Amino acid sequence: MMHQKTIKILIAYDEQLVADGLKCILSKHDSFDVMELLRNDENIFQWIPEHDPDIVIFEFSMWVRNNLKLMADLRSIFPEIRILIISESVSPEIVRDLMPLINGYIVRTCSSGKVILAIHEIIESGKYLCPKVVDEYFTCSTTVKSDSILTIREKEVLCNWIESNNNDEIADILNISRSTVRTHLNNIRQKLGNLNHLQLMIYACRQNILNRKFKPVCPNCRSFCN
């Protein structure tokens, strides 16, 4: 009988009470091993190689600009590390800057169940945004034009662009020229508006046009995928 791999967790925190609560909740699950609690002002760059965690959870009582630099430095030094942030609601601009650097973001008012879900989603699929972040910042219903209709080829281009974000790969997969790919992408943006990568992915999920084994970034989108 195969045993599920234990997920090693390191928690960095601003508030001791929150960290203690997280440890208590996560320690009840056999699949989690909370290895260490450390304050955010301690040297996280020393603790990561010493403990080799599968995921680092950062609890920030208040978001400050230096947190973004910390995430960028961590991603540069430890490119394989998985990072989950628990903090207050932040601006769409901050979330967009953060997402290439981290694996998940949870608003502090979310339930403990969302933290557990986020950990599993990040380990299995790579990314997680709690519904409160998705609904507030990346809901396409208020951004996409109501009369937008993509052609079959535009849907194919959009799907492949979401998966690879590389025009050369799209051209090879669809057997079309790179200039044709650019033309289709321009037409898509004219129809849908100037959406960012995550908004386009949510739109594609909701329109059920994703294919193959691509996994959406959030469980909200998953209900729209076959």
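Start with strand 3, residues 55-59. Five of its five residues are buried, so strand 3 is largely enclosed by the rest of the structure. This is a predicted model.

Colour strand 3 by face. Ile 55, Ile 57 and Glu 59 lie on one side. Val 56 and Phe 58 lie on the other. Both faces are covered. In a regular strand the side chains alternate between the two faces of the sheet.

**The neighbours of strand 3**

Select strand 1, residues 7-13. Five bridges join strand 1 to strand 3, and the two run parallel. For a landmark, show Ile 9, which stands opposite Ile 55 in strand 3.

Now select strand 4, residues 82-87. Strand 4 is joined to strand 3 by five bridges, again in parallel. Here the landmark is Val 56, standing opposite Ile 83 in strand 4.

**Out to the edges**

Show the whole sheet. Six strands make up an open sheet, and the pairing is parallel. Read across in the order 2-1-3-4-5-6. Which strands stand at the edges? They are strand 2 (32-39) and strand 6 (128-129). Each has a single partner strand, so one side of each is left without a neighbour in the sheet.

Step from strand 4 to strand 5, residues 104-107. These two pair in the parallel sense over four bridges. Leu 84 stands opposite Gly 104 in strand 5. Keep Gly 104 selected and look towards strand 6. There Gly 104 stands opposite Tyr 128. Strand 5 and strand 6 pair over two bridges, in the parallel sense.

Are the faces of strand 5 covered or open? Both are covered. Gly 104 and Ile 106 are buried on one side, Tyr 105 and Val 107 on the other.

**A charged pair at the end of strand 3**

Go back to Glu 59 and add Arg 108. Their side chains meet in a salt bridge, 2.5 Å from N to O. The pair links distant parts of the chain, 49 residues apart. Glu 59 is in strand 3, while Arg 108 is in the loop between strand 5 and helix 5. Side chains of opposite charge can pair when their charged atoms come close.

Compare the two partners by accessibility. Glu 59 is buried, with a relative accessible area of 0%. Arg 108 is partly exposed, at 30%.

Add Glu 15 to the selection. Salt bridges that share partners join Glu 15, Glu 59 and Arg 108 into one network.

**The second largest pocket**

Stay on Arg 108 and turn on the pocket surface. Arg 108 is one of the residues nearest the centre of the second largest pocket. With it there are Val 18, Leu 22, Ile 86 and Cys 110. The full lining has 13 residues, and the space inside is about 190 Å³.

Which element gives the most to this lining? Select helix 1, residues 16-26. It supplies four residues. Helix 1, strand 5 and helix 5 (112-125) each supply at least two. Colour the lining by class: eight residues are nonpolar, three polar and two charged.

**Two more salt bridges**

The count of salt bridges comes to nine. Two more are worth a stop.

Select Asp 73 and Lys 69 in helix 3, residues 65-77. Their side chains meet at 2.8 Å, N to O. The two are four residues apart, separated by about one helical turn. Asp 73 is partly exposed, with a relative accessible area of 27%. Lys 69 is exposed, at 54%.

Next, select Arg 178 and Asp 168. This salt bridge spans 3.4 Å, N to O. Arg 178 is in helix 9 (residues 178-192) and Asp 168 in helix 8 (residues 167-174). The pair is ten residues apart and links distant parts of the chain. Asp 168 is partly exposed, with a relative accessible area of 39%.

**Helix 4, then the whole chain**

Select Val 95 in helix 4, residues 92-98. At 2% relative accessibility, Val 95 counts as buried. Add Val 133 and draw a C-alpha to C-alpha distance: 8.7 Å in space, for residues 38 apart in sequence.

Finally, zoom out. The chain holds eleven helices and six strands. Of its 226 residues, 46% are buried. Among contacts with a separation of 6 or more, 66% join residues 24 or more positions apart.

Conventions:
Residues numbered from 1 in each chain as written. Predicted model: local features only at pLDDT ≥ 70, side-chain atom pairs only at ≥ 80, totals over all residues. Heavy atoms only, no water. 1 Å grid on protein atoms, 1.4 Å probe; cavity = no way out; pocket = protein on both sides within 12 Å on 5 of 7 lines; lining within 4 Å. Points joined across faces, edges and corners; volume = space filled by probe spheres on them. Nonpolar A, V, L, I, M, F, W, Y, C, P; charged D, E, K, R; others polar. Salt bridge = Lys/Arg side-chain N within 4 Å of Asp/Glu carboxyl O. Buried < 20%, exposed > 50% of the residue type's maximum accessible area, 1.4 Å probe, protein only. Pairing = 2+ DSSP bridges. Contact = heavy atoms within 4.5 Å.
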